[in-house]
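This briefing is for a reader who is new to the structure shown below. It starts with a term used throughout and then goes topic by topic.

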Amino acid sequence: MAKVLGFPNPVNEKAARTVAAGVLALTVATILLAALVSTAWLWFTAVLAAGFVARVLTGPTLSPLGQLATRVVAPRLGTPKLVAGPPKRFAQAMGATMTILAVVLQVFGEHTAVFVVLGLVVIASGLESIFAYCIGCRVFAGLMRLGLVPAETCAACADISLRHPQPA
């Protein structure tokens, strides 16, 4: 069980961006199908939430999207660009929180609120996949600066001398 649970550190930024692109595509598809066909498609948000929870708990191990990104797509994108894992895990946890909230809102028939939350997921996953701007990572860094996340949680985040520039 210990080999299943856990999150990689470091993380290949190219794989993380590929996962974000998959989340972006699935979320946009969910929104479009729900808006144009039937709000019953909003239940697909549960699949998105399950993927986020799987990635928070196991990294890519139990996530089909994570497996596709790490085993198929990222290796074809060239040399890995390694980044700290804890901020990426925090970002996945934020995605899990938002999509679980969307599922709860769907249970109560709050379709407009579900669309709003999914819109936030589109923004976050779009920024990560297209521009390599990780909102969750920025929040994580802010929490570290405030002392709400202990420095030992992410040594590479806390000590700038541990950061090594990587070729793109």
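A residue counts as buried when its relative accessible area is under 20%, as exposed when that area is over 50%, and as partly exposed in between. Ala96 has a relative accessibility of 7%, so it counts as buried. The model is a predicted one. Its protein chain has seven helices and two strands.

**Overall build**

- Read from the N terminus, the elements of the protein chain follow the order β-α-α-α-β-α-α-α-α.
- The protein chain has a radius of gyration of 16 Å, close to the 15 Å that the globule rule gives for 168 residues, so the chain is as compact as a globular protein of that length.
- Taken along the principal axes, the box filled by the C-alpha atoms of the protein chain is roughly 50 × 40 × 35 Å.
- Among contacts in the protein chain with a separation of 6 or more, 75% are between residues 24 or more positions apart.

**Surface and charge**

- Buried residues make up 38% of the 168 residues of the protein chain.
- The exposed area of the protein chain is about 9,300 Å², and 71% of that area comes from carbon and sulfur atoms.
- The protein chain carries 12 positive and 5 negative charges, and the mean positions of these two groups lie 10 Å apart.

**Around helix H4 (residues 85-107)**

- Ala96 is placed in helix H4, which covers residues 85-107.
- Leaving aside neighbours within four places in sequence, the contacts of Ala96 are Phe52, Val53 and Val56.
- Gly51 is 45 residues away from Ala96 along the chain, and the C-alpha atoms of the two are separated by 8.0 Å.
- Gly85 is also found in helix H4.
- Why does Gly85 count as buried? Its relative accessibility is 1%, and the cut-off for buried is under 20%.
- Gly85 is in contact with Phe7, Pro8, Asn9, Pro10 and Val11, leaving aside neighbours within four places in sequence.
- The C-alpha atoms of Gly85 and Asn9 are separated by 4.3 Å, although the two residues are 76 residues apart along the chain.

**The segment before strand S1**

- Asn9 and Pro10, both in contact with Gly85, are joined by a cis peptide bond with an omega of about 10 degrees.
- Pro10 lies in the segment before strand S1, which is residues 11-12.

**Helix H1 (residues 13-36)**

- Ala20 has its place in helix H1, residues 13-36.
- Ala20 has a relative accessible area of 8% and is therefore buried.
- Which residues does Ala20 touch, not counting those up to four places away in sequence? They are Ser125, Glu128 and Ser129.
- From Ala20 to Val122 the distance is 9.3 Å, C-alpha to C-alpha, and the two are 102 residues apart in sequence.

**The loop between helices H5 and H6**

- Ala132 sits in the loop between helix H5 (111-131) and helix H6 (135-145).
- The phi of Ala132 is positive, at about 60 degrees, although this residue is not a glycine.
- Is Ala132 buried or partly exposed? Its relative accessibility is 32%, so Ala132 counts as partly exposed.

**The disulfide and helix H6**

- A disulfide is a covalent bond between the sulfur atoms of two cysteines.
- The structure holds one disulfide.
- This disulfide joins Cys134 to Cys137, with an S to S distance of 2.4 Å.
- The link of Cys134 and Cys137 is right-handed, with 70 degrees about the S-S bond.
- Cys134 counts as buried because its relative accessibility is 9%.
- Cys137 counts as buried as well, at a relative accessibility of 17%.
- The buried residues of H6 include Cys137, together with Gly136, Phe140, Gly142 and Met144.
- An α-helix has 3.6 residues a turn, so residues three or four places apart point the same way.
- Gly147, just after H6, takes a positive phi of about 80 degrees.

Definitions and conventions: Residues are numbered from 1 along each chain as its sequence is written. This is a predicted model: local features need pLDDT of at least 70, side-chain atom pairs count only at pLDDT 80 or more; totals for chains, interfaces and linings use all residues. Side-chain values use heavy atoms; hydrogens and water are left out. Helices (H or I, at least four residues) and strands (E, at least two) are DSSP runs, numbered from the N terminus. The radius of gyration is taken over C-alpha atoms; the globule rule is 2.2 Å times the number of residues to the power 0.38. Buried means under 20% relative accessible area, exposed over 50%, partly exposed in between (1.4 Å probe, protein chains only). Contact means heavy atoms within 4.5 Å. Accessible areas come from the Shrake-Rupley method with a 1.4 Å probe; for residues, only the protein chains shown count as cover. Lys and Arg count as positive and Asp and Glu as negative; His and the chain ends are not counted. The place of a charge is taken as NZ of Lys, CZ of Arg, CG of Asp or CD of Glu. A disulfide is a pair of cysteine sulfur atoms within 2.5 Å.
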